[in-house]
Amino acid sequence: MTAGHYQYWIVAVLMMTGLYVVISKGNMIKKIIGLNLFQVSVILLYVSMGKVEGGTAPIVAEGFEVYSNPVPHVLMLTAIVVGVATTALALSFVVRIHEAYGTVEEDEVLAMEDDSTGSDA
Amino acid sequence: MNAAQLPALQIVIPLLAAPVCVALRQPRVAWLTAVVATWSSLAVAVVLLQHVLATGEAVSYHLGGHAPPHGIELRVDALNAFVLLIVTGISAVVVSASRKSLSEELSEKQHYLYFAATLLCMTGLLGMTVTADAFNVFVFLEISSLSAYSLISMGRSRRALTAAYQYLVMGTLGGTFILLGIGLLYMATGSLNMADLAVRLQGMEANRTVQTALAFLVLGASIKLALFPLHVWLPNAYAFAPAMVTALLAATATKVAFYVLVRFLFGVFGTDFAFDAMHLDRVLMPLALAAMFSASIVAVFQRDLRRMLAFSSVAQIGYMVLGLSFASELGLAGGIVHLFNHAVVKSSLFLVMAAVAIGVGSTQIEDLRGIGRRMPWCMGAFVVGGLSLIGVPLTVGFVSKWILVRAALEAGLWPVAVLILLSSLLAVVYVWRVVEVAWFEAPAEDAPQVRRPPAGVVCAAWTLAAAALVFGVFTDATAGVALRAARMLMEVSS
């Protein structure tokens, strides 16, 4: 059973790695990397669930009778786009945070926020 | 007019208006575009709600003419027609008011970006509300979230950036959890259409995949609706975003996330599975009660008006989830009316806060001494909104809390009914703190001159505060619709 569903182990390990990185790392770039790992694990889950053993690409042709399910694959095209957009936006925030605070370490930023009242420009 | 086409218009109007704003760039023209788009969306939502209530049937639109369950379906029934009305109504009022006050916080050159992002955010929220396709919910959720992050980052303080970043990380985790839950549902059933899913999920209570899907969906939605203790992103995001953005997001984003949770629990999984088999109420009810108390207590001790209102939002979300966790017709109706109450009232209060920030130049409560006499209209709206937040009779807040208390008693949970009343007392405390400072204390002698806030903002705050009063008296429009929606949901899910 374990051998037959090894992709779920990969998904679970990747997902928890990503979540751990997001929670444990103080560096904002590393957090984004963790977030990406987390998203990719879900994408892998979808892609693997569409695979039918012995199936081919879902194009009707002579000699082929078993096809993979294209729906999850198509859904993931959208999810990948969402992931790219999220990463781009997150990175742009990090750039501006670096401009405003001079650091991308979360604890240093927090320390600076405690000093100021928050009304500074 | 053919009502069958209207659900698509809810998405199409703001989606097309957003690039128009970017293309035209002129601040005034972009504003006009946004105003026209939001008010016409509101008109569509009104027609839809009337149609649904008159015919008693859902309006179904098949995208591209492909019939469900294989094609994507947009479906509007009494529940989401009501949510559509709230989202479009608040957007229309806030966007109309935002022209002048926006100039305080954003340079004129950035106005078009604000309006484009607002319209995109609205597209996402309305899309999440109208769609009957589970995967569409995720896509629209991300559209609304991404534009919300960028809107929050437009705040004047540099802390807006870190707040937006934090919200982005939490929000993406939540969105991905929802995506995972939808994937597991698809795995178990092979369908993405919500009605079709509900049919196929019957008798699958013992299926581990479906149980896991429920767990991930509830977790993801709870992050997006800021259910205690997953609310940490909310106070900073609301406190440092431009005031107009807060007024809009506080009233719409978390509410639509709540709607998504309701839709999945009652419209897809069904009460038998979610509550009788999985006992979700045992998780949601304590968290809801904890939110009502802990966030209210934190709100009492805030020195900044914005953060006080933000924590009060977390507490109010607790009431909505509490209504849901009763898993009864009455409880659900209470949650839905409270959704309306909180959307209208909190938006109004944040608009007052925006006006105060312009007038006094500060939102620290101690700087508001004697402001009541110098900005009577503004603080008058605050008092009305505060009363509705507490749940005083003749306001819509009373209607929602009354239904919630009745639902608690109906379920035989009288301690919960007592807790609802006790937590309302906490709301009295934090609203009174501001009212006392504003109306009963003399202004400081060295207090700077008060600037006149833009009339648009004060008008908008009063429009929403008046709505809280009107619908508190004419309860058919709120409690009546909410009861119908709840009855329909309970019929579907049993």
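Tutor: Contact here means heavy atoms within 4.5 Å. The model is predicted, so to speak of local features we need pLDDT of at least 70, side-chain atom pairs count only at pLDDT 80 or more, and totals for chains, interfaces and linings use all residues. Residues are numbered from 1 along each chain, chains are lettered from A, and side-chain values use heavy atoms, leaving out hydrogens and water.

Student: OK, which residues is B:Phe264 in contact with, leaving aside its neighbours within four places in sequence?

Tutor: B:Ala134, B:Val137, B:Ile182, B:Leu185, B:Met194, B:Leu217 and B:Phe269.

Student: What makes a set of residues a nonpolar core?

Tutor: The members must be buried Ala, Val, Leu, Ile, Met, Phe, Trp, Tyr or Cys, joined through side-chain atoms within 4.5 Å. Buried means under 20% relative accessible area, exposed over 50%, and partly exposed in between (1.4 Å probe, protein chains only). The largest core has 233 residues, and B:Leu185, B:Phe264, B:Leu265 and B:Phe269 touch the most other members. Helix H10 (residues 243-269) of chain B gives the largest share, 21 residues. Helices are DSSP runs (H or I, at least four residues), numbered from the N terminus, while strands are E runs of at least two.

Student: Why is the pair B:Glu108 and B:Arg99 called a salt bridge?

Tutor: The rule wants a side-chain nitrogen of Lys or Arg within 4 Å of a carboxyl oxygen of Asp or Glu. This pair comes in at 3.9 Å, N to O, so it passes.

Student: And how do you know whether B:Arg99 is buried or exposed?

Tutor: Its relative accessibility is 17%, which is under 20%, so B:Arg99 counts as buried. B:Glu108, at 40%, is partly exposed.

Student: What makes B:Glu329 and B:Arg487 a salt bridge?

Tutor: Their closest N and O atoms are 3.1 Å apart, within 4 Å, so the label fits. B:Glu329 sits in helix H14 (residues 329-360) and B:Arg487 in helix H20 (residues 476-493), both of chain B, so the pair ties together parts 158 residues apart in sequence.

Student: How many salt bridges are there between chain B and chain A?

Tutor: The count is 0, although the whole structure has 7 over all chains.

Student: So what is the buried area between chain B and chain A?

Tutor: About 3300 Å², with carbon and sulfur atoms giving 77%. Buried area is the accessible area (1.4 Å probe) that two parts lose on being put together, summed over both. In contact terms, 31 residues of chain B meet 40 residues of chain A.
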